[in-house]
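Here are my notes on the model you sent over. Have a look at the structure first, then go through the points in order.

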Amino acid sequence: MERLWFKKNKHSPNVSDIKKKQIGFISAIFIVIGSCIGSGIFLKSDSVLENSWSSLPLAISTWIISAIAVIAMSLSLVEVSSKGSGNLSMIGWSKNFNNKIIYKACKNFMFYIYTPLTFFFMPLYVINAFQDSLGYFNVTNNFGTSCDFLIWTVIAILISVWFIFTSGYSSKMGNIQNWIITSVKFFPIIATIILGFVVASTQKLDITVKPNQPSSIVTSFKSLSPGIGMFVSFGAIFFAYDGFYYSSGIQTEMKEPKKAPIALLVGLIITTIIYLLIAVSMSIIGGELNESFINKIKWLYGLIQLTIAIGILGIINGMAMWATRFSEDLIKSGELPMFYKFLNKLNTHKPIVGVVYTIIPAIIALIIFPLIGGFAYVPYGYTNNDVSSYDGKGYYSMAKLLAFADLMGNWTSVIAFAFIVLAILGCLVKGKKDGGSNFKTKYFIPSAIIAIILVGIGTIFQFIAPFADLFMMASPEILKNLDSQDIVSRAMTIVVLIIFIVMMIVPSIFDYDSKMMSKKISVTIVTNEQGLQVVKGYKSVSYTHLTLPTIA
């Protein structure tokens, strides 16, 4: 078959299609906020403080520098996304400004790794917060079995399936659910901020200003200096911001698509202000409250955790709205398996094909990865004095699964930000070659440079840290100060990274697009009475004003 690309339809968009667009400008801002604020800020603030050697001023500085990096990135994306990417978001940006190798790797990462793993670990964070809530209310938060993780995994599957089938299929339903979830998630935000200031005014606090080295023996890369710890913390903060670009992927559902970049910027600024307040508040609260004071307000902690669990659902909701639509765009581009069987069934506003292509990898991830985490990993960070807070007495299956989810989440966020930076760099280089005359925004060049430097440095440190930690175990003195959990965790961090890299490369070997289009057959192109080019003898489908052949 010849590779056939057809001319755009010159007719105006159907009025009914415009009426179907459900998302307004304010709703889009809430989707940005809803897609960012979830588990990240509440789960990662402690690690940022720890990596800053318990120095509150250094931790706050880390959050501020990271926020500047993300805002600079969002400003850069206003220019990058103006070149057009449809629902593909960062995949489209990579396609526009990077070479084919990087584009294919980005596409494979987003479809085969990032999306299914998000539907794996985000429901687990919902469950994690829910278990914390039950604990504060003095209610049993486990099933008391050696395989609790399997029961919770079934619940996680139901959560992901619900959002993929509702928000993924209907943007109207996704918009409604986002408004409900976002309104609820403001409670833990406000409550945490207020609690921090109340504690600061009523409790005698001993806040660390000067960085204190975690231990006398340096056992990890981040403990070499507080400066290194700061840059290593960027990965955790990227996780807290991860998902902000989902909104750019739903611009086809907005009443005014041109306002999508502005909605992205406004949403991120609001998110940054909220994050700074929460980070300061949680840094003040963390480790500073005596047990009697905590017991008096356990009900409040329980309520905060319950609403955090509901708030995390907003990330899953935003992901579902985007994933089904970018899947259909990839099918339209001939980038996914069996794409030719579904070209005449694509629907931007009711992406049932996208739902199918999204849910299959998600279910596979929700079956395979819980088995690895529950059986083969360690309860790193989720036990206290060798007791799990999320399992029955003597069991660790859920604690191990949550620790494994952390490992997956950190890598996906770092790699996603790396691809975004590469797209921004490609846009900057391409524009410079053209003399910069094609840049639509005056602030693109400075914001792009800031984003590339700050996010680039943070990303480089994320990749260096696990290898440095592994090499440091060659020292007998360091090795004897590490327990089995540390050793397994360090090794698995490298293993997961290697698996991710392989999964980004291998699918490109089986290039479905080129393979299908390389089959030569004789076709005749004619023009019908509506002015659309069609392939004689084959059915034809008009999708987003682009006419493509359906291959029998």
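How many disulfides does a search of the whole structure find?

1. **Cysteines.** The search comes back with 0 disulfides, and it covered the whole structure. Keep in mind that this is a predicted model. As a reminder, a disulfide is a covalent bond between the sulfur atoms of two cysteines. I looked up two cysteines for their surroundings. Cys427 is buried, at 2% relative accessible area. Cys147 has 23% relative accessibility, so it counts as partly exposed, given that the buried class stops at under 20%.

2. **Overall make-up.** The protein chain contains 18 helices and 6 strands. Of its 552 residues, 57% are buried. If you take the contacts between residues at least 6 apart in sequence, 81% of them join residues at least 24 apart. The accessible surface of the chain is about 23400 Å², and carbon and sulfur atoms account for 66% of that.

3. **Aromatic pairs.** A pair of aromatic rings is described by the distance of the centres and the angle of the planes. With a centre-to-centre limit of 6.5 Å, the count is 17 aromatic pairs. One of them is Phe120 with Phe369, a tilted pair with 5.8 Å between the centres and 35 degrees between the planes. Phe120 sits in helix 6 (residues 100-136) and Phe369 in helix 13 (residues 352-376), so this pair ties together parts that are 249 residues apart in sequence. Both Phe120 and Phe369 are buried.

4. **A pair inside helix 6.** Phe121 and Tyr125 also pair up: their ring centres are 6.1 Å apart and the planes meet at 55 degrees, which means the pair is tilted. Why is about one helical turn the separation of Phe121 and Tyr125? Because they are 4 residues apart in helix 6. Phe121 is buried at 2% relative accessibility, and Tyr125 is buried with a relative accessible area of 1%.

5. **A ring cluster.** Back to Phe120 and Phe369: ring pairs link these two with Tyr377 and Phe404 into a cluster. If you are colouring by aromatic residues, this cluster of Phe120, Phe369, Tyr377 and Phe404 is a good place to look.

6. **Positive phi.** Most residues other than glycine have a negative phi, and most peptide bonds are trans. Against that background, Asn138 has a positive phi of about 60 degrees although it is not a glycine. Asn138 belongs to the loop between helix 6 and helix 7 (148-166), and its relative accessible area of 62% makes it exposed. Met338, again a residue other than glycine, has a positive phi near 60 degrees. Met338 is in the loop between helix 12 and helix 13 and is partly exposed, at 37% relative accessible area.

7. **Thr348.** Is Thr348 buried or exposed? Thr348 is buried, with a relative accessible area of 17%. You will find Thr348 in the loop between helix 12 (298-332) and helix 13. Ser170 is 178 residues away from Thr348 in sequence, yet their C-alpha atoms are 10.0 Å apart in space.

Conventions:
Residues numbered from 1 in each chain as written. Predicted model: local features only at pLDDT ≥ 70, side-chain atom pairs only at ≥ 80, totals over all residues. Heavy atoms only, no water. Phe/Tyr/Trp six-rings, centres within 6.5 Å; stacked < 30°, edge-to-face > 60°. Helix = DSSP H or I, 4+ residues; strand = E, 2+ residues; numbered from the N terminus. Buried < 20%, exposed > 50% of the residue type's maximum accessible area, 1.4 Å probe, protein only. Disulfide = S-S within 2.5 Å. Contact = heavy atoms within 4.5 Å. Areas by Shrake-Rupley, 256 points an atom, 1.4 Å probe, with all protein chains shown as cover.
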